[in-house]
Amino acid sequence: MVRPIASPIQPPARRSGSLRWAFDWWSQPLALGLAAVAFFVSDSIAQPLPLAERIKLCATCHGEDGNSRVPNIPSLAGQPEFFLVNQLFLFREGVRKLEAMAPLVKDLKDDDLVAIAKHFAALVAKPSEEPIDPALAKRGAALAEPLRCASCHLPNLAGQAQMPRLAKQRIDYLIHAMREFRDNKRSGADTLMSNVMIDVSDADIAALAHYSASR
Ligand code: HEC
Ligand code: HEC
């Protein structure tokens, strides 16, 4: 049995399998891909998809090579395997909540979570197409020092164990994630990270994101 690091306090609230795709979240070209995902997912309720097929559906959002090209959707390539298993567990149990992903993970067995995590962990992380502002990145490096990001995420920010890779992650997603920790909006969040972000301003979050992505 895979056990989460962030211990869920509430019992898992399972969601219904209904798909309410928030199309406004994503750019237009993705809409077709998402419709395809919705089709396959509804099909898979009767018949479980083979793992390779499932991974193709993940790629619709997270990128063929695990590097996301979609705003606010994280890259998974090169993430620590343990981080991925942990997050997939939290999604499956409905502790970390994301309606768009829930139907894709809710029937997965522990072994499937491990196999999917191994797949994405083995892919090479590549920087996104977003421009990195060198001045912001420099300020972010100075901010990261006293906040001790490196003590958990490692000096090269490649992550370890349940701590995710920040290096080469999408800037928009990093900003989104840090704000959610700070504002207590990330479901199933590890309190270690929420404590780090207390009192960090939006401007400092942007600097930390540019620094992290540049590593
Ligand atoms: C419809 C788009 C979509 C699909 C399909 C999708 N995801 Fe996601 N995924 C997201 C979004 C959006 C997030 C970020 C959630 C947030 O903001 O907290 C995410 C987050 C994640 C995370 C957490 C990463 C992190 O850095 O915190 C993992 C792991 C993940 N997805 C794995 C998968 C896997 C495995 C599949 C296929 C079984 C999949 N996803 C399918 C949209 C999708
Ligand atoms: C005490 C250890 C610790 C420190 C210090 C720390 N983090 Fe984290 N961080 C974590 C853990 C653990 C997670 C995973 C959170 C979860 O599972 O909810 C995380 C997650 C994140 C995420 C979410 C990424 C994703 O893919 O979802 C971001 C962004 C992040 N940290 C940025 C930072 C930055 C920037 C700093 C320094 C300002 C920092 N962290 C300092 C432990 C730490």
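**Two ligand shells and an enclosed helix**

Around ligand 1, the shell is made up of 17 nonpolar residues, four polar ones and one charged residue. The model described here is a predicted one. Among the 22 residues surrounding ligand 1, those that come nearest are Cys58, Cys61, Pro74, Ala100 and Leu104. Four helices, namely helix 1 (28-44), helix 2 (51-62), helix 3 and helix 4, each contribute at least two residues to this shell. Helix 2 provides the largest share, with six residues.

Helix 3, one of these contributors, deserves a closer look. Its twelve residues (residues 81-92) should span 16 Å at 1.5 Å a residue, and this agrees with the 16 Å that separate its end C-alpha atoms. Ten of the twelve residues are buried, so helix 3 is largely enclosed by the rest of the structure. The buried residues are Phe83, Leu84, Val85, Asn86, Gln87, Leu88, Phe89, Leu90, Phe91 and Arg92. Their cover includes helix 4 (102-105) and helix 5 (110-121). After helix 3 comes Gly94, which has a positive phi near 75°.

Turning to ligand 2, its shell holds 17 nonpolar, four polar and two charged residues. Of the 23 residues around ligand 2, Leu147, Cys149, Cys152, Asp190 and Met193 come nearest. At least two shell residues come from each of helix 6 (134-147), helix 7 (149-153), helix 8 (171-182), helix 9 (191-197) and helix 10 (202-214). Helix 7 gives the most to the shell around ligand 2, supplying four residues.

Note on methods:
Residues numbered from 1 in each chain as written. Chains lettered and ligands numbered in written order. Predicted model: local features only at pLDDT ≥ 70, side-chain atom pairs only at ≥ 80, totals over all residues. Near = placed C-beta within 6 Å. Nonpolar A, V, L, I, M, F, W, Y, C, P; charged D, E, K, R; others polar. Expected span 1.5 Å × (residues − 1). Buried ≥ 20, exposed ≤ 12 C-beta atoms within 10 Å, placed from the backbone. Contact = placed C-beta atoms within 7 Å.
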